Each structure stands twice: as structure tokens, then as C-alpha cells.
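Subject: Structure handover

Hi,

Here is the structure I promised to pass on. Have a look at it first, then read my notes underneath.

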Amino acid sequence: MKNRYNKYFASILTGIFLFAGCSAFKPPQYPEVIYNDRKPLISVTYEYGEIDIQASLVYPGLRPDGLIVQVFSRGDTIRPLLSLHQEVSDLIQVYLPQGVFDIEDETNFIKIIPQHPDFVPVWSPFLGIEFGSIILDPIYILPEPLNVTGVVKNQMTDSILANVDVAIYELDQLLQLTHSDAQGNYALTILGEYKNNEDLRIIAGTDLIFTPFRKDIFFGERKDQIVNIGIGPSQTLAEMGNIYITNKENVHFRDEPHIGGTTQFLLPKGEPIVVQYVSKGLYFGTIEIPLESGVRSQVSGWVTRDDTDLLFFENIFKTDNESDQAL
């Protein structure tokens with residue numbers, strides 16, 4: 001009887017195996033991998049969280065054609081955790097799995113690479129978190145800056161001049177102002193959006209007794225320019241005689257001393273004149289006209305004596321007493 005029972009039980013087990021198949025003996029399945037359905041496609045499991053990084057982008061001037069966004073971690077600036085292309089927008093948002101960032105120091109970076117030759121990449125460091133959201137400060141996307149550098153010198157002595165104001169203007173609008181340092185050097189930087197602007201001008205020495213230095217500049221495809229600045233009369237002019245300077249604006253510089261003489265120029269205040277002849281109430285002298293090439297052309301004519309003052313070479317900076325001349 002016992003043998004018959006064992007055969008019957010074995011037949012039941014065999015039937016169950018054939019009906020259920022091998023699946024009845026598989027181990028339990030773990031949760032399926034899930035995807036965030038964003039670009040780049042990142043897979044996460046139920047055991048992991050997600051880091052959401054957001055930053056607003058500011059374009060003060062021109063906008064590039066597109067952007068490359070890269071994220072780096074733990075001081076590695078060569079191998080990005082992710083790199084993606086996107087259209088120009090006012091917000092970037094990227095997602096990464098938790099645990100990839102340094103959460104103790106700002107050794108993590110987001111790099112924005114504008115797709116345009118006039119722009120430069122922008123790096124923004126940040127402190128990481130285990131998981132959650134990171135909101136970065138606004139990132140400014142600027143064209144590559146334009147630079148003007150040079151040296152300010154006394155034209156007559158060729159010595160450097162410190163603390164002279166140097167500015168760059170767009171027509172009458174001041175873009176940047178600086179002063180020459182102890183070695184006479186100066187540097188000006190403006191936004192790259194001005195590269196094709198034809199209304200830029202360097203003006204220097206407005207705080208000096210001489211007429212200010214002026215020069216038009218144009219960048220085009222150049223990002224850097226050197227403009228050396230000469231202040232005051234040249235040595236060639238100074239060797240011709242006593243130097244006077246005009247003491248008011250719009251001084252008539254005539255070709256003849258009589259009333260019928262033609263006004264060649266209206267001289268600004270502070271224009272140096274080498275006086276060679278003197279007549280009743282008039283001076284005959286020579287001035288220098290700077291040409292675009294940098295050469296100074298000499299022109300002779302007549303001015304009213306009351307419109308000029310003798311120049312004393314002591315200090316070129318304006319004083320409270322404007323009649324106290326200086327070099």
C-alpha cells in the first residue's frame with residue numbers, strides 16, 4: 001500500500017512540473033530599471049535619487065548660435081559627466097544621478113560653451129549635494145571682450161605720465177574710464193558687441209591744461225589694439241620758440257592779421273602755439289595738426305594775444321587757479 005501511495009504522489013509532482021514549466025523555480029525579480037525620458041537619457045533604479053541643476057542665462061548683448069553645456073565634478077575639468085548641445089535659451093536644466101558631486105568643496109563646475117567665434121566659454125563652480133535641486137547664480141554669456149592698451153607720455157620730453165585719465169567713448173557716451181599707472185600704462189576693456197562700431201573714440205588728458213588727446217578706433221576682427229598717447233607739444237614744436245596755449249574755446253586761427261583774414265581753424269582751449277612774430281594785439285605762430293596716420297602737420301597763422309597765455313613748464317595738471325599754468 002505504501003509503495004502505491006509514493007508512486008501516486010510522484011505522479012502528481014511530475015504533472016505540476018510539466019504544467020508550470022521552469023518558471024516556477026525562477027528567483028524573485030528586482031524592480032525594473034526606469035528612465036527619466038530626458039536628454040541625455042539617464043537610467044536610475046529605485047535605490048537612487050536624482051540631482052536637478054538649474055541656472056538662468058543672461059545675454060547683455062549679442063546671442064550666440066547655440067550652446068554646449070558640460071558638467072564636471074571633483075576638480076576634473078577634462079572629462080565631463082555629461083555634455084549636451086542645446087539651442088540658445090534663458091534657462092539651462094540638467095539631471096544627474098545622486099552621489100556624483102563633491103559635497104564638501106566647490107570643485108564641481110558647469111561649463112557653457114557658446115557656439116560663436118566671438119564668444120568665450122564660461123565656467124561656473126558650485127557645491128554639490130547628495131540629491132535634490134541645485135539653483136546656480138545667473139550665468140552671463142558675453143562676447144569676447146575688446147581691449148585697448150598703451151602708454152601715456154609727455155611728447156616734448158618722452159617721459160611717462162602717471163594718473164592721466166584715459167576713456168573710450170561711443171559718440172558722447174562714456175563706455176569706460178581709467179587712469180595711467182605709475183609706469184604710464186593704461187588698459188581699457190569693453191564688450192565684444194562693439195567690434196563693428198565705427199563711432200568709438202579714445203579721449204585722454206581732460207584733466208590736463210592741454211587740449212585732450214583724441215583718436216578714433218575701429219576693431220573689426222581684431223580683439224586687441226595698442227594706442228600710445230602723446231600729451232602736449234612735440235619736441236620739434238617746442239624747439240621753434242616760446243610756447244603759448246589758448247585760454248578759451250573756439251579761438252580764431254587766421255591766415256592773415258587783418259580783418260579780412262580767413263579763419264583756418266577754431267582752436268580748442270589748451271592748444272599749444274609757438275609764437276614767432278608779434279604785432280599789435282596779435283601773435284603769429286605755428287600749431288601742430290595730428291593726422292590719422294599719426295604724423296603731425298605744422299600750420300602757421302595769427303591769433304589774438306588776449307586769447308593766449310605763456311606756458312610755464314612746471315605741472316601739466318589743471319589747478320584750482322586755471323591761470324597757474326603747468327607741465
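Below is what I found, starting with the whole chain and then going into one sheet and a few residues.

One thing to keep in mind throughout: this is a predicted model.

**The chain as a whole**

Strands dominate the element list, with 25 of them alongside two helices. Of the 327 residues, 38% are buried. If you take the contacts with a separation of 6 or more, 57% of them link residues 24 or more positions apart. The exposed surface of the chain comes to about 19,600 Å², and 53% of that is supplied by carbon and sulfur atoms.

**A four-stranded sheet**

The part I spent most time on is an open sheet of four strands, in the order 5-4-7-8, with antiparallel pairing. Strand 5 and strand 8 (122-126) are the edges; each has a single partner strand, so one side of each has no neighbour in the sheet. From one strand to the next, the twist averages 15°.

Going across the sheet, strand 4 and strand 5 are antiparallel and share five bridges. Strand 4 is also joined to strand 7, again antiparallel, this time by six bridges. Strand 7 then pairs with strand 8 over five bridges, in the antiparallel sense.

Val71 is a handy residue for finding your way around. Its bridge partner in strand 5 is Leu82, and it stands opposite Ile110 in strand 7. For the other pairing of strand 7, try Phe109, whose bridge partner in strand 8 is Pro125.

**Strand 7 and its lysine**

How many residues of strand 7 (residues 108-114) are buried? Seven of the seven, so this strand is largely enclosed by the rest of the structure. As a reminder, in a regular strand the side chains alternate between the two faces of the sheet. Here both faces are covered: Asn108, Ile110, Ile112 and Pro114 are buried on one side, and Phe109, Lys111 and Ile113 are buried on the other.

Lys111 is the one I would point you to, as a charged residue in that list. Despite being buried, Lys111 has no salt bridge. Which side chain of opposite charge is nearest to Lys111? That would be Asp76, and it is 11 Å away. Leaving aside residues up to four places away in sequence, Lys111 touches Ile68, Val69, Gln70, Phe72, Pro121, Val122 and Trp123.

**Two positive phi values**

Two residues other than glycine came up with positive phi. Arg74 has phi near 55° and lies in the loop between strand 4 (67-72) and strand 5 (82-86). With a relative accessible area of 49%, Arg74 falls under the 50% cut-off for exposed, so it counts as partly exposed. Asn250 has phi near 60°, and its place is the loop between strand 19 and strand 20 (251-254).

**Back in strand 19**

Ile245 belongs to strand 19 (residues 242-246). Is it buried or exposed? Ile245 is buried, because its relative accessible area is 3%, where buried means under 20%. Ile245 and Asp307 are 62 residues apart along the chain, while their C-alpha atoms are separated by 8.5 Å.

That's it from me; shout if anything is unclear.

Cheers

Definitions and conventions: Residues numbered from 1 in each chain as written. Predicted model: local features only at pLDDT ≥ 70, side-chain atom pairs only at ≥ 80, totals over all residues. Heavy atoms only, no water. Buried < 20%, exposed > 50% of the residue type's maximum accessible area, 1.4 Å probe, protein only. Pairing = 2+ DSSP bridges. Axes fitted to C-alpha atoms, helices over the stretch in contact; angles between N-to-C directions. Contact = heavy atoms within 4.5 Å. Areas by Shrake-Rupley, 256 points an atom, 1.4 Å probe, with all protein chains shown as cover. Salt bridge = Lys/Arg side-chain N within 4 Å of Asp/Glu carboxyl O.
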